[in-house]
Amino acid sequence: MASLETPICEFGWKAVDFDLLGVDGKRYSLSSSKGGNGLLVMFICNHCPYVKAIRDRIIRDIKELEDKGILVNRGTKGSSAVYGLA
């Protein structure tokens, strides 16, 4: 069974700029993606047992963060054509 405890990150560090290709063919950088109060980037796999188990919590947390001006980008590596993005 997958663990349902999420480790806490180290807060307070400044993100480095990035350049990621989205599944929509567009490029995304820190400056083009962040909200007024920040950005959370999550690399998740929608068919992972852990992600499936906490999906409702992820959705809840994304809504709360977006209400606070923090945008959330979700990405998956290599399986978006098969499993899609949430």
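User: Leaving aside its neighbours within four places in sequence, which residues is Ser29 in contact with?

Analyst: Ser29 is in contact with Asp17 and Phe18 once the neighbours within four places in sequence are set aside, and you should keep in mind while reading such contacts that this is a predicted model. As for its setting, Ser29 is found in strand β2, which covers residues 27-29, and its side chain is joined to that of Ser31 by a polar contact of 3.3 Å.

User: Is Ser29 buried or exposed?

Analyst: The way to decide is to compare the relative accessible area with a cut-off, since buried means under 20%. Ser29 has a relative accessible area of 16%, so Ser29 is buried. For the protein chain as a whole, buried residues make up 17% of the 86 residues, while the chain exposes about 6,800 Å², of which carbon and sulfur atoms supply 58%.

User: How should I read the confidence, and where in the protein chain is it lowest and highest?

Analyst: It helps to begin with the chain as a whole, where the mean pLDDT is 81 and 84% of the residues reach 70 or more. Confidence is highest in helix α2 (residues 49-67), at a mean of 92, and lowest in helix α3 (residues 80-83), at a mean of 47. Over residues 80-86 the pLDDT stays under 50, and for this stretch the model has 12 contacts beyond four places in sequence.

User: How many helices and strands are there in the protein chain, and what pattern does the chain follow along the sequence?

Analyst: The protein chain has 3 helices and 4 strands, and reading along the sequence gives the pattern β-β-α-β-α-β-α. Contacts can also be sorted by how far apart the partners lie in the sequence: among those with a separation of 6 or more, 59% are between residues 24 or more positions apart.

User: Which residues make up the largest nonpolar core?

Analyst: The general idea is that, in soluble globular proteins, nonpolar side chains tend to be buried together. In this structure the largest nonpolar core has 7 residues in all, namely Met42, Ile44, Val51, Ile54, Ile58, Ile62 and Val72. Helix α2 gives the most to this core, with 4 residues. One member to follow in the view is Ile62, which touches Met42, Val72 and Arg74 when residues up to four places away in sequence are not counted.

User: How many salt bridges does a search of the whole structure find?

Analyst: As a general idea, side chains of opposite charge can pair when their charged atoms come close. The search of the whole structure finds 2 salt bridges. One of them joins the side chains of Arg27 and Asp19 at 3.1 Å, N to O, and in the other Arg60 pairs with Asp61, the closest N and O atoms being 2.9 Å apart.

User: What is the relative accessible area of Asp19, and of Arg60?

Analyst: Asp19 has a relative accessible area of 48% and is therefore partly exposed, and its partner Arg27, at 49%, also counts as partly exposed. Arg60 is partly exposed as well, with 42%, and so is Asp61, with 33%.

User: What is the place of Arg27, and which residues is Arg27 in contact with, leaving aside its neighbours within four places in sequence?

Analyst: Arg27 lies in strand β2, and beyond its neighbours within four places in sequence Arg27 is in contact with Asp19, Leu20 and Leu21. The pairing with Asp19 also appears as a polar contact of 3.1 Å between the two side chains.

Conventions: Residues numbered from 1 in each chain as written. Predicted model: local features only at pLDDT ≥ 70, side-chain atom pairs only at ≥ 80, totals over all residues. Heavy atoms only, no water. pLDDT = per-residue confidence, 0-100. Helix = DSSP H or I, 4+ residues; strand = E, 2+ residues; numbered from the N terminus. Contact = heavy atoms within 4.5 Å. Buried < 20%, exposed > 50% of the residue type's maximum accessible area, 1.4 Å probe, protein only. Polar contact = N/O pair within 3.5 Å; in protein donor to acceptor, adjacent residues only side chain to side chain. Core = buried A, V, L, I, M, F, W, Y, C linked by side-chain atoms within 4.5 Å. Areas by Shrake-Rupley, 256 points an atom, 1.4 Å probe, with all protein chains shown as cover. Salt bridge = Lys/Arg side-chain N within 4 Å of Asp/Glu carboxyl O.
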